[in-house]
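Dear colleague,

I am handing over the structure below, and after it you will find a summary of what turned up when I went through it. Please have it open beside you as you read.

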Amino acid sequence: MLKKIAHFIASNNLLVKEKKYLIALSGGADSVCLLLVLDKLGYNIESVHCNFNLRGDESLRDEQFCIELCKKRNIKIHLAHFDTNSYALLHKTSIEMAARNLRYSFFENLRHDIGADGVCVAHHQNDCAETLIMNLIRGTGIKGLAGIMPKRDSIIRPLLCVSRDEIEDFLTKESQDYVTDSSNLDDFCVRNSIRLNIIPMMEKINPSAVQNIVRTAIRMNEANKVFKESIEASSSKVSDLIDGSLYIDIRALKKEASPEYTLFNILKNYRFNPEQIESIGYNLDFPTGTRFLSDTHQLVFDREKMIVTKIENNRISLKIPEHGKYIINDVKSIRIEKVIVNNEFNISKDNFTATLDSANVKFPLLLRNVEKGDRFFPFGMKGSKLVSKYMTDKRFSLIDKQKQMVLEDASGNIIWLVGERTDERFKITNKTTYALVISINVH
(Lines give C-alpha, C1' and ligand atoms only; values in the text may rest on other atoms or scores of the structure.)
Protein backbone atom coordinates (compact mmCIF):
# COMPACT_ATOMS: atom_id res chain seq x y z
CA MET A 1 0.00 0.00 0.00
CA LEU A 2 2.72 2.49 0.99
CA LYS A 3 4.82 1.62 -2.08
CA LYS A 4 1.82 1.94 -4.38
CA ILE A 5 0.92 5.39 -3.06
CA ALA A 6 4.57 6.54 -2.99
CA HIS A 7 4.89 5.55 -6.66
CA PHE A 8 1.66 7.39 -7.53
CA ILE A 9 2.88 10.52 -5.73
CA ALA A 10 6.23 10.42 -7.53
CA SER A 11 4.84 9.66 -11.01
CA ASN A 12 2.37 12.55 -10.76
CA ASN A 13 4.77 14.99 -9.04
CA LEU A 14 2.27 15.56 -6.22
CA LEU A 15 4.40 16.13 -3.12
CA VAL A 16 7.91 17.20 -2.14
CA LYS A 17 9.48 16.04 1.14
CA GLU A 18 10.96 19.48 1.90
CA LYS A 19 7.59 21.27 1.76
CA LYS A 20 4.67 21.44 4.20
CA TYR A 21 1.18 20.09 3.49
CA LEU A 22 -2.22 20.23 5.14
CA ILE A 23 -4.30 17.05 5.53
CA ALA A 24 -8.09 17.47 5.43
CA LEU A 25 -9.02 15.18 8.32
CA SER A 26 -12.69 14.28 8.88
CA GLY A 27 -12.05 11.23 11.04
CA GLY A 28 -13.47 8.85 8.44
CA ALA A 29 -11.54 5.88 7.04
CA ASP A 30 -10.28 7.70 3.93
CA SER A 31 -8.81 10.75 5.64
CA VAL A 32 -7.37 8.70 8.53
CA CYS A 33 -5.64 6.47 5.99
CA LEU A 34 -4.27 9.53 4.19
CA LEU A 35 -2.90 10.93 7.45
CA LEU A 36 -1.20 7.66 8.39
CA VAL A 37 0.25 7.02 4.94
CA LEU A 38 1.79 10.48 4.49
CA ASP A 39 3.11 10.39 8.06
CA LYS A 40 4.73 6.99 7.46
CA LEU A 41 6.19 8.20 4.16
CA GLY A 42 7.92 11.02 6.02
CA TYR A 43 6.11 14.08 4.69
CA ASN A 44 5.89 17.32 6.68
CA ILE A 45 2.17 17.47 7.48
CA GLU A 46 -0.35 19.26 9.65
CA SER A 47 -4.05 18.40 9.80
CA VAL A 48 -7.21 20.49 9.58
CA HIS A 49 -10.64 19.41 10.82
CA CYS A 50 -13.89 21.22 10.02
CA ASN A 51 -16.91 20.92 12.32
CA PHE A 52 -19.98 21.93 10.32
CA ASN A 53 -22.32 21.54 13.31
CA LEU A 54 -24.80 19.51 11.30
CA ARG A 55 -24.95 16.21 13.24
CA GLY A 56 -25.07 17.27 16.89
CA ASP A 57 -23.15 14.96 19.23
CA GLU A 58 -21.78 13.02 16.26
CA SER A 59 -19.99 16.14 14.98
CA LEU A 60 -18.42 16.64 18.42
CA ARG A 61 -17.41 12.98 18.49
CA ASP A 62 -15.63 13.31 15.12
CA GLU A 63 -13.77 16.42 16.26
CA GLN A 64 -12.58 14.79 19.47
CA PHE A 65 -11.46 11.68 17.60
CA CYS A 66 -9.33 13.80 15.25
CA ILE A 67 -7.78 15.71 18.16
CA GLU A 68 -6.80 12.49 19.94
CA LEU A 69 -5.48 10.85 16.77
CA CYS A 70 -3.22 13.82 15.97
CA LYS A 71 -2.05 14.04 19.58
CA LYS A 72 -1.13 10.34 19.52
CA ARG A 73 0.87 10.75 16.32
CA ASN A 74 2.34 14.15 17.32
CA ILE A 75 0.75 15.96 14.36
CA LYS A 76 -0.47 19.54 14.73
CA ILE A 77 -4.20 19.98 14.15
CA HIS A 78 -6.16 23.09 13.15
CA LEU A 79 -9.87 23.28 14.00
CA ALA A 80 -12.68 25.23 12.36
CA HIS A 81 -16.32 25.55 13.42
CA PHE A 82 -19.02 26.67 11.00
CA ASP A 83 -22.70 27.59 11.21
CA THR A 84 -23.41 25.81 7.94
CA ASN A 85 -27.20 26.12 8.04
CA SER A 86 -27.05 29.92 8.39
CA TYR A 87 -24.49 30.16 5.57
CA ALA A 88 -26.71 28.06 3.27
CA LEU A 89 -29.75 30.25 4.01
CA LEU A 90 -27.80 33.47 3.52
CA HIS A 91 -26.28 32.38 0.21
CA LYS A 92 -29.38 30.48 -0.98
CA THR A 93 -27.47 27.26 -1.61
CA SER A 94 -27.71 23.62 -0.55
CA ILE A 95 -26.20 22.34 2.70
CA GLU A 96 -23.74 20.21 0.70
CA MET A 97 -22.59 23.17 -1.39
CA ALA A 98 -22.42 25.42 1.67
CA ALA A 99 -20.19 22.92 3.49
CA ARG A 100 -17.98 22.59 0.42
CA ASN A 101 -17.57 26.35 -0.01
CA LEU A 102 -16.82 26.86 3.69
CA ARG A 103 -14.34 23.99 3.78
CA TYR A 104 -12.28 24.91 0.73
CA SER A 105 -12.27 28.61 1.52
CA PHE A 106 -10.94 27.87 5.00
CA PHE A 107 -8.37 25.41 3.63
CA GLU A 108 -6.97 28.00 1.24
CA ASN A 109 -6.75 30.76 3.87
CA LEU A 110 -5.10 28.43 6.38
CA ARG A 111 -2.67 27.16 3.73
CA HIS A 112 -1.47 30.72 3.14
CA ASP A 113 -1.30 31.48 6.86
CA ILE A 114 0.99 28.53 7.72
CA GLY A 115 2.99 28.55 4.48
CA ALA A 116 1.77 25.14 3.28
CA ASP A 117 2.32 24.17 -0.35
CA GLY A 118 -0.96 22.31 -0.75
CA VAL A 119 -3.99 20.69 0.85
CA CYS A 120 -4.21 16.88 0.63
CA VAL A 121 -7.71 15.40 0.45
CA ALA A 122 -8.60 11.71 0.64
CA HIS A 123 -10.45 11.07 -2.62
CA HIS A 124 -9.83 7.52 -3.86
CA GLN A 125 -10.78 5.33 -6.83
CA ASN A 126 -14.35 4.77 -5.69
CA ASP A 127 -14.85 8.55 -5.44
CA CYS A 128 -13.52 8.89 -8.97
CA ALA A 129 -15.91 6.21 -10.25
CA GLU A 130 -18.85 7.81 -8.42
CA THR A 131 -18.02 11.23 -9.89
CA LEU A 132 -17.84 9.85 -13.43
CA ILE A 133 -21.17 8.03 -13.06
CA MET A 134 -22.79 11.12 -11.50
CA ASN A 135 -21.56 13.33 -14.36
CA LEU A 136 -22.79 10.77 -16.88
CA ILE A 137 -26.26 10.77 -15.30
CA ARG A 138 -26.40 14.58 -15.31
CA GLY A 139 -25.24 14.79 -18.91
CA THR A 140 -21.66 15.85 -19.42
CA GLY A 141 -19.00 16.55 -21.99
CA ILE A 142 -15.62 14.85 -22.31
CA LYS A 143 -14.23 16.82 -19.38
CA GLY A 144 -16.85 15.38 -17.01
CA LEU A 145 -15.87 11.83 -17.99
CA ALA A 146 -12.25 12.44 -16.97
CA GLY A 147 -13.13 11.82 -13.32
CA ILE A 148 -11.12 13.44 -10.54
CA MET A 149 -7.66 14.86 -11.22
CA PRO A 150 -4.71 13.95 -8.91
CA LYS A 151 -3.97 17.67 -8.52
CA ARG A 152 -5.85 20.84 -9.25
CA ASP A 153 -4.47 24.16 -8.08
CA SER A 154 -3.53 23.64 -4.41
CA ILE A 155 -5.73 20.54 -3.86
CA ILE A 156 -3.80 17.25 -3.97
CA ARG A 157 -5.24 13.71 -4.01
CA PRO A 158 -2.55 11.11 -3.19
CA LEU A 159 -5.03 8.22 -2.72
CA LEU A 160 -6.50 8.14 -6.22
CA CYS A 161 -4.50 5.01 -6.94
CA VAL A 162 -6.25 2.89 -4.28
CA SER A 163 -9.81 1.70 -3.66
CA ARG A 164 -12.04 1.95 -0.61
CA ASP A 165 -11.45 -1.77 0.11
CA GLU A 166 -7.69 -1.27 0.05
CA ILE A 167 -8.02 1.65 2.46
CA GLU A 168 -10.07 -0.39 4.93
CA ASP A 169 -7.68 -3.36 4.66
CA PHE A 170 -4.76 -1.05 5.39
CA LEU A 171 -6.44 0.39 8.48
CA THR A 172 -7.29 -3.10 9.73
CA LYS A 173 -3.67 -4.21 9.42
CA GLU A 174 -2.58 -1.04 11.21
CA SER A 175 -5.18 -1.68 13.97
CA GLN A 176 -6.35 1.88 13.41
CA ASP A 177 -9.98 2.74 14.08
CA TYR A 178 -11.98 5.56 12.51
CA VAL A 179 -15.40 7.17 12.75
CA THR A 180 -18.36 6.70 10.43
CA ASP A 181 -20.55 9.59 9.29
CA SER A 182 -24.10 8.24 9.66
CA SER A 183 -25.33 10.53 6.84
CA ASN A 184 -23.18 8.51 4.42
CA LEU A 185 -25.40 5.48 5.10
CA ASP A 186 -28.52 7.19 3.72
CA ASP A 187 -29.09 7.04 -0.03
CA PHE A 188 -31.15 10.25 -0.17
CA CYS A 189 -28.54 12.14 -2.18
CA VAL A 190 -27.23 11.22 -5.63
CA ARG A 191 -23.65 10.38 -4.61
CA ASN A 192 -24.73 8.19 -1.69
CA SER A 193 -27.22 6.38 -3.91
CA ILE A 194 -24.48 5.67 -6.44
CA ARG A 195 -22.13 4.52 -3.66
CA LEU A 196 -24.65 2.31 -1.86
CA ASN A 197 -26.71 0.98 -4.76
CA ILE A 198 -25.24 1.42 -8.24
CA ILE A 199 -21.57 0.60 -7.54
CA PRO A 200 -22.36 -2.66 -5.66
CA MET A 201 -24.68 -3.70 -8.51
CA MET A 202 -21.95 -3.02 -11.07
CA GLU A 203 -19.43 -4.98 -9.00
CA LYS A 204 -21.77 -7.98 -9.04
CA ILE A 205 -21.59 -7.88 -12.82
CA ASN A 206 -17.82 -7.28 -12.80
CA PRO A 207 -15.80 -7.26 -9.54
CA SER A 208 -13.29 -4.94 -11.26
CA ALA A 209 -15.95 -2.37 -12.21
CA VAL A 210 -14.49 0.46 -10.12
CA GLN A 211 -10.93 -0.11 -11.37
CA ASN A 212 -12.18 -0.30 -14.97
CA ILE A 213 -14.15 2.93 -14.62
CA VAL A 214 -11.06 4.64 -13.19
CA ARG A 215 -8.96 3.37 -16.13
CA THR A 216 -11.58 4.79 -18.48
CA ALA A 217 -11.42 8.12 -16.65
CA ILE A 218 -7.63 8.17 -17.04
CA ARG A 219 -7.96 7.48 -20.79
CA MET A 220 -10.66 10.13 -21.11
CA ASN A 221 -8.40 12.60 -19.34
CA GLU A 222 -5.65 11.95 -21.89
CA ALA A 223 -8.15 12.20 -24.73
CA ASN A 224 -9.43 15.45 -23.25
CA LYS A 225 -5.94 16.96 -23.48
CA VAL A 226 -5.87 16.34 -27.24
CA PHE A 227 -9.49 17.43 -27.61
CA LYS A 228 -8.93 20.63 -25.62
CA GLU A 229 -5.92 21.61 -27.73
CA SER A 230 -7.89 21.06 -30.93
CA ILE A 231 -10.97 22.94 -29.71
CA GLU A 232 -8.87 25.87 -28.50
CA ALA A 233 -7.31 26.09 -31.96
CA SER A 234 -10.76 26.00 -33.58
CA SER A 235 -12.07 28.65 -31.17
CA SER A 236 -9.19 31.00 -31.98
CA LYS A 237 -9.72 30.46 -35.70
CA VAL A 238 -13.40 31.44 -35.74
CA SER A 239 -13.56 34.18 -33.10
CA ASP A 240 -11.95 37.54 -32.50
CA LEU A 241 -12.11 39.98 -29.58
CA ILE A 242 -12.40 43.59 -30.78
CA ASP A 243 -12.89 46.54 -28.42
CA GLY A 244 -14.39 44.34 -25.73
CA SER A 245 -16.87 42.60 -28.07
CA LEU A 246 -16.46 39.01 -29.27
CA TYR A 247 -17.09 38.36 -32.97
CA ILE A 248 -17.75 34.79 -34.15
CA ASP A 249 -17.53 34.09 -37.89
CA ILE A 250 -20.47 31.79 -38.66
CA ARG A 251 -19.18 30.63 -42.04
CA ALA A 252 -15.81 29.72 -40.54
CA LEU A 253 -17.51 27.99 -37.59
CA LYS A 254 -19.54 25.76 -39.92
CA LYS A 255 -16.32 24.50 -41.53
CA GLU A 256 -14.85 23.25 -38.24
CA ALA A 257 -14.90 19.53 -37.42
CA SER A 258 -17.23 20.16 -34.47
CA PRO A 259 -19.04 23.51 -34.68
CA GLU A 260 -21.15 22.71 -31.59
CA TYR A 261 -18.19 21.89 -29.32
CA THR A 262 -16.23 24.86 -30.66
CA LEU A 263 -19.18 27.12 -29.90
CA PHE A 264 -19.56 25.58 -26.43
CA ASN A 265 -15.87 26.19 -25.70
CA ILE A 266 -16.26 29.85 -26.66
CA LEU A 267 -19.61 30.66 -25.04
CA LYS A 268 -19.14 28.84 -21.72
CA ASN A 269 -16.82 31.70 -20.73
CA TYR A 270 -19.73 34.14 -21.12
CA ARG A 271 -22.17 32.34 -18.78
CA PHE A 272 -24.39 30.87 -21.52
CA ASN A 273 -25.88 27.58 -20.35
CA PRO A 274 -25.61 24.27 -22.29
CA GLU A 275 -29.25 24.44 -23.44
CA GLN A 276 -28.76 27.90 -24.96
CA ILE A 277 -25.51 26.88 -26.67
CA GLU A 278 -27.17 23.73 -28.02
CA SER A 279 -30.03 25.80 -29.44
CA ILE A 280 -27.60 28.24 -31.08
CA GLY A 281 -25.41 25.44 -32.42
CA TYR A 282 -28.33 23.58 -33.99
CA ASN A 283 -29.41 26.66 -35.96
CA LEU A 284 -26.53 28.81 -37.06
CA ASP A 285 -28.78 30.46 -39.64
CA PHE A 286 -30.91 32.48 -37.22
CA PRO A 287 -32.04 35.77 -38.82
CA THR A 288 -30.19 38.98 -38.09
CA GLY A 289 -31.29 40.48 -34.80
CA THR A 290 -31.93 37.15 -33.03
CA ARG A 291 -30.69 37.57 -29.48
CA PHE A 292 -29.74 35.25 -26.61
CA LEU A 293 -29.06 36.43 -23.05
CA SER A 294 -26.91 34.97 -20.28
CA ASP A 295 -26.60 36.42 -16.78
CA THR A 296 -23.81 38.70 -17.92
CA HIS A 297 -23.75 38.87 -21.74
CA GLN A 298 -25.88 39.06 -24.85
CA LEU A 299 -25.31 37.24 -28.14
CA VAL A 300 -26.74 38.77 -31.29
CA PHE A 301 -26.87 37.27 -34.78
CA ASP A 302 -25.72 39.83 -37.33
CA ARG A 303 -25.60 38.57 -40.92
CA GLU A 304 -22.63 36.17 -41.15
CA LYS A 305 -21.45 36.64 -37.59
CA MET A 306 -22.45 36.43 -33.96
CA ILE A 307 -21.54 39.26 -31.63
CA VAL A 308 -21.17 38.76 -27.87
CA THR A 309 -21.11 41.81 -25.61
CA LYS A 310 -21.41 42.44 -21.90
CA ILE A 311 -24.85 43.45 -20.71
CA GLU A 312 -24.61 46.93 -19.29
CA ASN A 313 -26.68 50.05 -19.06
CA ASN A 314 -25.75 51.91 -22.25
CA ARG A 315 -28.54 54.46 -21.91
CA ILE A 316 -27.18 58.00 -22.05
CA SER A 317 -28.96 61.29 -21.47
CA LEU A 318 -26.55 64.15 -20.83
CA LYS A 319 -27.74 67.77 -20.87
CA ILE A 320 -25.05 70.25 -21.94
CA PRO A 321 -25.93 73.86 -20.97
CA GLU A 322 -22.86 75.62 -22.43
CA HIS A 323 -19.31 75.24 -23.71
CA GLY A 324 -16.90 73.13 -21.64
CA LYS A 325 -16.02 69.55 -20.80
CA TYR A 326 -18.59 67.03 -19.55
CA ILE A 327 -18.27 63.42 -18.34
CA ILE A 328 -20.41 60.93 -20.28
CA ASN A 329 -19.49 57.78 -18.33
CA ASP A 330 -16.47 56.08 -16.77
CA VAL A 331 -14.52 56.02 -20.03
CA LYS A 332 -15.85 58.86 -22.20
CA SER A 333 -16.18 62.64 -22.02
CA ILE A 334 -17.34 65.35 -24.40
CA ARG A 335 -15.67 68.73 -24.96
CA ILE A 336 -17.33 71.71 -26.67
CA GLU A 337 -15.27 74.75 -27.72
CA LYS A 338 -16.12 77.93 -29.60
CA VAL A 339 -13.35 78.75 -32.08
CA ILE A 340 -12.91 81.72 -34.40
CA VAL A 341 -12.88 80.85 -38.08
CA ASN A 342 -9.86 82.49 -39.77
CA ASN A 343 -7.15 81.58 -42.27
CA GLU A 344 -5.53 79.22 -39.76
CA PHE A 345 -8.76 77.34 -39.02
CA ASN A 346 -9.08 73.76 -40.31
CA ILE A 347 -12.06 71.44 -40.13
CA SER A 348 -11.12 68.25 -38.30
CA LYS A 349 -11.37 64.97 -40.23
CA ASP A 350 -11.51 62.88 -37.06
CA ASN A 351 -14.71 60.80 -36.87
CA PHE A 352 -15.26 61.73 -33.25
CA THR A 353 -14.88 65.46 -33.76
CA ALA A 354 -17.71 67.54 -35.19
CA THR A 355 -17.18 71.06 -36.53
CA LEU A 356 -20.38 73.11 -36.84
CA ASP A 357 -21.47 76.69 -37.43
CA SER A 358 -21.85 78.08 -33.92
CA ALA A 359 -24.47 80.64 -34.96
CA ASN A 360 -26.92 77.91 -35.95
CA VAL A 361 -26.60 75.78 -32.82
CA LYS A 362 -28.90 76.58 -29.89
CA PHE A 363 -27.99 75.55 -26.34
CA PRO A 364 -28.67 73.56 -24.23
CA LEU A 365 -27.60 70.47 -26.14
CA LEU A 366 -28.63 66.89 -25.35
CA LEU A 367 -26.41 63.86 -25.86
CA ARG A 368 -28.52 60.70 -25.95
CA ASN A 369 -29.03 57.30 -27.54
CA VAL A 370 -30.77 56.94 -30.87
CA GLU A 371 -34.56 56.69 -30.57
CA LYS A 372 -37.17 55.33 -32.94
CA GLY A 373 -38.21 57.95 -35.49
CA ASP A 374 -35.00 60.02 -35.24
CA ARG A 375 -34.33 61.88 -38.49
CA PHE A 376 -31.51 64.17 -39.67
CA PHE A 377 -30.04 65.76 -42.81
CA PRO A 378 -26.76 63.85 -43.43
CA PHE A 379 -23.86 66.14 -44.39
CA GLY A 380 -23.38 66.28 -48.15
CA MET A 381 -26.88 64.97 -48.92
CA LYS A 382 -30.10 66.65 -49.96
CA GLY A 383 -33.11 65.98 -47.81
CA SER A 384 -33.55 64.14 -44.54
CA LYS A 385 -33.11 60.49 -43.65
CA LEU A 386 -34.22 58.28 -40.78
CA VAL A 387 -31.28 57.53 -38.52
CA SER A 388 -32.41 53.89 -38.43
CA LYS A 389 -32.29 53.73 -42.25
CA TYR A 390 -28.86 55.36 -42.27
CA MET A 391 -27.53 52.75 -39.81
CA THR A 392 -29.07 49.89 -41.77
CA ASP A 393 -27.56 51.16 -45.02
CA LYS A 394 -24.19 51.37 -43.26
CA ARG A 395 -24.67 47.76 -42.06
CA PHE A 396 -24.62 48.58 -38.36
CA SER A 397 -24.97 45.54 -36.12
CA LEU A 398 -27.76 45.47 -33.54
CA ILE A 399 -25.10 46.00 -30.87
CA ASP A 400 -23.76 49.11 -32.61
CA LYS A 401 -27.30 50.44 -33.06
CA GLN A 402 -27.90 50.07 -29.31
CA LYS A 403 -24.73 52.05 -28.55
CA GLN A 404 -25.16 54.79 -31.16
CA MET A 405 -25.49 58.34 -29.78
CA VAL A 406 -26.88 61.53 -31.26
CA LEU A 407 -26.37 65.15 -30.23
CA GLU A 408 -29.40 67.41 -30.57
CA ASP A 409 -29.82 71.13 -29.93
CA ALA A 410 -32.47 73.05 -27.99
CA SER A 411 -34.81 72.96 -31.01
CA GLY A 412 -34.70 69.15 -31.09
CA ASN A 413 -32.60 69.06 -34.27
CA ILE A 414 -30.02 66.28 -34.49
CA ILE A 415 -26.82 68.18 -35.21
CA TRP A 416 -24.47 65.15 -35.11
CA LEU A 417 -24.83 61.42 -35.44
CA VAL A 418 -21.86 60.87 -33.15
CA GLY A 419 -18.83 59.29 -34.81
CA GLU A 420 -20.64 59.13 -38.15
CA ARG A 421 -21.89 62.33 -39.78
CA THR A 422 -22.88 65.88 -38.92
CA ASP A 423 -26.09 67.52 -40.10
CA GLU A 424 -26.00 69.43 -43.41
CA ARG A 425 -27.95 72.37 -41.91
CA PHE A 426 -25.16 73.13 -39.41
CA LYS A 427 -22.14 72.90 -41.68
CA ILE A 428 -19.34 75.47 -41.87
CA THR A 429 -19.79 77.92 -44.76
CA ASN A 430 -17.87 80.93 -46.06
CA LYS A 431 -20.18 83.06 -43.90
CA THR A 432 -19.26 81.27 -40.67
CA THR A 433 -17.59 83.50 -38.07
CA TYR A 434 -17.32 81.09 -35.17
CA ALA A 435 -17.16 77.31 -35.23
CA LEU A 436 -18.39 74.95 -32.56
CA VAL A 437 -15.81 72.16 -32.21
CA ILE A 438 -17.29 69.13 -30.40
CA SER A 439 -15.13 66.12 -29.59
CA ILE A 440 -15.73 62.78 -27.87
CA ASN A 441 -12.71 61.61 -25.89
CA VAL A 442 -11.88 58.22 -24.37
CA HIS A 443 -9.89 58.25 -21.14
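**The cores**

The largest nonpolar core has 48 residues, and within it Leu-15 and Leu-38 are the residues with the most contacts. Please keep in mind throughout that this is a predicted model. Two or more residues of this core come from each of α1 (2-11), β1, α2, α3 (57-72), α6 (125-138), α7 (164-173), α8 (190-205) and α9 (209-238), and of these elements α2 gives the most, with eight residues. If you would like a place to start looking, Leu-15 is in contact with Ile-9, Tyr-21, Leu-38, Tyr-43, Cys-120, Ile-156 and Pro-158, once its neighbours within four places in sequence are left aside. There is also a second, separate core, made up of 21 residues, which include Ile-320, Ile-328, Ile-415 and Leu-436.

**The annotated binding site**

The unreviewed UniProt entry places a feature called "binding site" at Ser-26, Gly-27, Gly-28, Ala-29, Asp-30 and Ser-31. I looked at two of these positions in detail.

Gly-27 sits in the loop that runs between β1 (20-24) and α2 (29-40), and this glycine counts as buried because its relative accessible area is 0%. Apart from residues up to four places away in sequence, Gly-27 touches Val-32, Phe-65, Cys-66, Tyr-178 and Val-179.

Asp-30, by contrast, lies in helix α2, and with a relative accessible area of 16% Asp-30 is buried as well. When its neighbours within four places in sequence are left out, the contacts of Asp-30 are Ala-122, His-124, Asp-127, Leu-159, Arg-164 and Ile-167.

**The five-stranded sheet**

Further along the chain you will find an open sheet of five strands, which are arranged in the order β12-β16-β19-β20-β21 and pair in the antiparallel sense. Its edge strands, each of which pairs on one side only, are β12 (317-320) and β21 (421-422). As background, the strands of a sheet pair through backbone hydrogen bonds, in either a parallel or an antiparallel sense.

Following the order of the sheet, β12 and β16 run antiparallel and are joined by four bridges, and here Leu-318 stands opposite Leu-367 in β16. Strand β16 (residues 365-369) is mostly covered, in that four of its five residues are buried. On to the next pair, β16 and β19 are also antiparallel, with four bridges between them, and Leu-366 has Glu-408 in β19 as its bridge partner. Strand β19 (residues 405-408) then pairs with strand β20 (residues 414-417) over three bridges, again antiparallel, and in this pair Leu-407 has Trp-416 of β20 as its partner.

**A buried aspartate after β16**

What surrounds Asp-374, which is found in the loop between β16 and β17 (375-376)? Leaving out residues up to four places away in sequence, Asp-374 touches Arg-368, Asn-369, Lys-385, Leu-386, Val-387, Val-406 and Ile-414. Asp-374 counts as buried because its relative accessibility is 9%, and the cut-off for that class is under 20%. Its side chain makes a polar contact with the side chain of Arg-368 at 2.9 Å, while a polar atom of the Asp-374 side chain lies 2.7 Å from the backbone nitrogen of Glu-371.

With best regards

Methods. Residues numbered from 1 in each chain as written. Predicted model: local features only at pLDDT ≥ 70, side-chain atom pairs only at ≥ 80, totals over all residues. Heavy atoms only, no water. UniProt positions renumbered as here; feature names shortened; annotations may be inferred. Buried < 20%, exposed > 50% of the residue type's maximum accessible area, 1.4 Å probe, protein only. Contact = heavy atoms within 4.5 Å. Pairing = 2+ DSSP bridges. Core = buried A, V, L, I, M, F, W, Y, C linked by side-chain atoms within 4.5 Å. Polar contact = N/O pair within 3.5 Å; in protein donor to acceptor, adjacent residues only side chain to side chain.
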